Amino acid sequence: SPAFDDDGVLFVIVANQYLRISRDHGDSWQFLSHGLDNVHFFSALAISSGFRTDGRVFAATRGDGVYWSHDGGHRWQKINKGLISLDIRQLLCTGPNDGDSTTYAVDGDGRLYRFGAHERAWTLLGTEKAGVGAIATIPSGHGHLLLVGNLAGEIRSFDGSSWQAVTARPEGGAIASLLVPGGPFPNATYYVGTTTGAIFRTDDGGKSFAEAAKGPEGGAITG
């Protein structure tokens, strides 16, 4: 939960097969199963930024689409209208902490979808010809922006209605992960992991990138 220090709520995926919840800061755990009839593995979890008021939690699977709960995880149902593929790899909730959160999803073919706080279907954001490799949220003067890195090595920002290309482009292959430790856009610091194993850093919101460190051996930096 975004308010974990106060409410003690923590959701986890266990062995890619089960959802469990703790409501006492991890001292005890319960299985979540009501409405979860998936036969494919879980792949991602996302909790609404307004969880304390809207109780929304999303769980993605590798073939059953997305399940959501709006009562804090007690009951679940599928919410797949608008999805082209039911193989969902990434989920992200962003927005103010007032129950007006927007959720984004990326499927196994790199398509990006949006699910608004007052919507009941996913909307395809058909702008990434190269396919989406990573998404992250970044604070801005008007709330939050979505950062999208694609498989062509390009990064763009989305404010809910329009796209802006990040000025520079890290020279390290396709974008596999994005990490935003803090700082508002447009001068935010964030890190980019690539499929070649390189890690880049920007301190000016993407106007320039420098290799932050030599990544560990073993392949793509995916998280």
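**Chat about Tyr-18 and strand β10**

Student: Hi! Is Tyr-18 buried, exposed or partly exposed?
Tutor: Tyr-18 counts as partly exposed, because its relative accessibility is 42%, and partly exposed covers the range between under 20% and over 50%. Keep in mind that this is a predicted model.

Student: Good to know. Where does Tyr-18 sit?
Tutor: Tyr-18 lies in strand β2, which spans residues 18-22.

Student: And which residues form a nonpolar surface patch with Tyr-18?
Tutor: Val-14 and Phe-31 do, and together the three have about 290 Å² of accessible area.

Student: Okay, zooming out. How many helices and strands are there?
Tutor: The protein has two helices and 19 strands. Of its 223 residues, 48% are buried. About 10,800 Å² is exposed, and carbon and sulfur atoms supply 49% of that.

Student: Switching to β10: which way do its residues point?
Tutor: In β10, residues 112-115, Leu-112 and Arg-114 point one way while Tyr-113 and Phe-115 point the other, and all are buried. In a regular strand, side chains alternate between the two faces of the sheet.

Student: What does β10 pair with?
Tutor: Strand β9 (residues 102-107) runs antiparallel to β10, joined by four bridges; one pairing there is Thr-103 with Phe-115. Strand β11 (residues 123-124) is also antiparallel to β10, with two bridges, and Thr-123 is the bridge partner of Arg-114.

Student: What's in the β9 and β10 hairpin, between the strands?
Tutor: Four residues lie between those strands, and Gly-110 in this hairpin takes a positive phi near 85°.

Key
Residues are numbered from 1 along each chain as its sequence is written. This is a predicted model: local features need pLDDT of at least 70, side-chain atom pairs count only at pLDDT 80 or more; totals for chains, interfaces and linings use all residues. Side-chain values use heavy atoms; hydrogens and water are left out. Patches are made of residues with over 30% relative accessible area and no salt bridge: like charges are joined within 9 Å, nonpolar side chains (Val, Leu, Ile, Met, Phe, Trp, Tyr) within 5 Å. Accessible areas come from the Shrake-Rupley method with a 1.4 Å probe; for residues, only the protein chains shown count as cover. A salt bridge is a side-chain nitrogen of Lys or Arg within 4 Å of a carboxyl oxygen of Asp or Glu. Buried means under 20% relative accessible area, exposed over 50%, partly exposed in between (1.4 Å probe, protein chains only). Two strands pair if DSSP finds at least two bridges between them.
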